[in-house]
Amino acid sequence: MIKLLFIAAMLFATPCMAWNGYDYDKGNFIEIEKGNLVRRGRTIEIYDYDDGQYKDVEVESIQRIPGAVEIEVFDPESGENRIFEMDER
């Protein structure tokens, strides 16, 4: 019972952190802030280190690749799709 309580406490004590990634099309780093539910069809907020601004993008697809997660998004500001390679969690 104590072991079960310890495991539950560790799961809930883990802080939600930002998710770091790289945009190979633009050649810069991006960050998905905590609190964003990254699911197909959802709008998420990213921080784009290229111009130092937060942007809203729509998730088009999510795919696991060896050692990372690839997320394709639509950027309404530029009218283009972007592909992020995110650190594996």
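**Entry 1: E3 and E4.** I looked up the partner of Thr43 and found it opposite Glu58 in E4. The model is predicted, and I keep that in mind throughout. Strand E3 covers residues 43–48 and strand E4 covers residues 53–65; I note that they run antiparallel and are joined by 6 bridges. I then checked the hairpin the two strands form and counted 4 residues between them. Gly52 in this hairpin has a positive phi near 70°.

**Entry 2: E4 and E5.** I moved on to strand E5, residues 68–75, which pairs with E4 in the antiparallel sense. I list 7 bridges for this pair. As a marker of the register I took Gln63, which stands opposite Glu70 in E5. The hairpin of E4 and E5 has 2 residues between the strands. Here I find a positive phi near 80° at Gly67.

**Entry 3: E1, E2 and E3.** I went back towards the N terminus. Strand E1, residues 19–23, is antiparallel to E2, and I list 5 bridges between them. Asp23 is placed opposite Asn28 in E2. This hairpin has 4 residues between its strands, and I find Gly27 in the turn with a positive phi of about 75°. On to the pairing of E2 with E3: I read it as antiparallel, with 3 bridges. In that pairing Glu31 faces Tyr47 of E3.

**Entry 4: the chain as a whole.** I listed the elements to place these strands. The chain has 1 helix and 6 strands, and their order from the N terminus is α-β-β-β-β-β-β. I looked up burial next: of the 89 residues in the chain, 26% are buried. The exposed area comes to about 6400 Å², with 54% of it supplied by carbon and sulfur atoms. For contacts with a separation of 6 or more, I note that 23% join residues 24 or more positions apart.

**Entry 5: the core.** Which residues have the most contacts inside the largest nonpolar core? I wrote down Trp19, Ile32, Val38, Ile44, Ile46, Ile71 and Met86, in a core of 13 residues. At least two residues of this core come from each of E2 (28–32), E3, E4, E5 and E6 (80–87). E5 gives the largest share, 3 residues. I looked at E2 separately and found 4 of its 5 residues buried, so I enter the strand as mostly covered.

I followed Val38 from that core. Setting aside neighbours within four places in sequence, I find Val38 in contact with Trp19, Ile32, Ile44, Val59, Ile62 and Ile71.

**Entry 6: aromatic pairs.** I searched the whole structure and got 4 aromatic pairs. One of them is Tyr22 with Tyr24: the ring centres are 4.6 Å apart and the planes stand at 70°, so I enter the pair as edge-to-face. The cut-off behind that label is an angle over 60 degrees. Both tyrosines also belong to one aromatic cluster with Phe29.

Are Tyr22 and Tyr24 buried or exposed? I find Tyr22 at 23% relative accessibility, so this residue counts as partly exposed; the limit for buried is under 20%. Tyr24 has 56% relative accessibility and therefore counts as exposed, with the limit for that class being over 50%.

Methods
Residues numbered from 1 in each chain as written. Predicted model: local features only at pLDDT ≥ 70, side-chain atom pairs only at ≥ 80, totals over all residues. Heavy atoms only, no water. Buried < 20%, exposed > 50% of the residue type's maximum accessible area, 1.4 Å probe, protein only. Contact = heavy atoms within 4.5 Å. Areas by Shrake-Rupley, 256 points an atom, 1.4 Å probe, with all protein chains shown as cover. Pairing = 2+ DSSP bridges. Phe/Tyr/Trp six-rings, centres within 6.5 Å; stacked < 30°, edge-to-face > 60°. Core = buried A, V, L, I, M, F, W, Y, C linked by side-chain atoms within 4.5 Å.
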